[in-house]
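Me: Please take a close look at the nonpolar interior of this structure, and at the aromatic rings as well. I would like one connected account rather than a list.

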Amino acid sequence: MSHAAIRNILVKGAGSGIGRAVARQFHQAGHRLALLDYDRPSLEKLQSELEGASPIRLYETDISDAAQVETACQDLLHHWATIDVVVANAGVNGQWAPLDELEVDQWRRTLAINLNGTFYTIKFALPGLKKRGGAVVVTSSINGVRVFSSGGATAYSASKAGQVGMAKMLALELAPHKIRVNVVCPGAIDTEIDQSTERTDLDRARQPVEYPAGVVPLNEGNPGSAEQVAEVICYLCSDQASLVTGSVVFVDGAESLLQG
């Protein structure tokens, strides 16, 4: 995707965190935005903060509901005809707990939002992507891919590992349509996602591991920013990454190499 050419961008989970940062960066580059989130006030707040002539379409959508996602994508295609970029970003941490305390409803909800929601978004945006090719970026996590020491994160890690497997499968399947599919795996990032975490008796689920003294040296132990992740996502959607597909990019300052 060229930064000069105006493109149609669909961002899932745009109301906060990484999704909001991605929307800001694409808007600053002059692209058209369609923003999906369950929290309409957050979408409206972001819309009011963004300035410029590029149109912004808002969709209050529960991404775990296939019908709602399909309706949003169909409406978008009615107005735009094509979709050039899909950023499948929305997710929750869900319940982190020992397996015997992990509630079945929490397991289902976490996979419904993180994994099913990613599938629905790509599936229903696909007719628009096929029109002239494009790029899909899925936001996964170091958890479930490199890091397995976060005791109790069974549902979350399963959903994130599933996203990576899905993206790699689709990267090959969609390549003949000139659609690239990549994954970013953030580490500790300063976002609101921790607010969606329900922690239950985690001491029972974690092994008593002791890491060496010190912190991740690249960022001195501080969390990364949503903007840093957004920069990588925007790169993966650009023409500069025209031969990059099926890749998993870790955006964690080597956190997962130290603590994995």
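**Aromatic pairs and nonpolar cores**

Reply: Phe 119 has a relative accessible area of 40%, so this residue ranks as partly exposed, in what is a predicted model. Its ring pairs with that of Tyr 120, and because the planes stand at 55°, with the centres 5.8 Å apart, the pair is classed as tilted. Tyr 120, at 16% relative accessibility, counts as buried, since the cut-off for that class is under 20%.

Two aromatic pairs are found in a search of the whole structure. In the pair formed by Trp 96 and Tyr 156, the ring centres lie 5.8 Å apart and the planes meet at 40°, so this pair is tilted. It links distant parts of the chain, with Trp 96 in strand S5 and Tyr 156 in helix H5, 60 residues apart. Trp 96 is buried at 10% relative accessibility, and Tyr 156 is buried at 7%.

As for the nonpolar interior, the largest core holds 38 residues, of which Leu 10, Ile 83, Val 136 and Val 181 touch the most other members. Among the elements that give two or more residues to this core are strand S2 (32-37), helix H3 (66-80), strand S6 (134-139) and strand S7 (179-186), while the largest share, eight residues, comes from H4. Leaving aside residues up to four places away in sequence, Val 136 touches Val 86, Ile 122, Leu 129, Ile 179, Arg 180, Val 181 and Asn 182. A second, separate core has 29 residues, including Val 22, Leu 58, Val 85 and Val 184.

Key
Residues numbered from 1 in each chain as written. Predicted model: local features only at pLDDT ≥ 70, side-chain atom pairs only at ≥ 80, totals over all residues. Heavy atoms only, no water. Core = buried A, V, L, I, M, F, W, Y, C linked by side-chain atoms within 4.5 Å. Buried < 20%, exposed > 50% of the residue type's maximum accessible area, 1.4 Å probe, protein only. Helix = DSSP H or I, 4+ residues; strand = E, 2+ residues; numbered from the N terminus. Contact = heavy atoms within 4.5 Å. Phe/Tyr/Trp six-rings, centres within 6.5 Å; stacked < 30°, edge-to-face > 60°.
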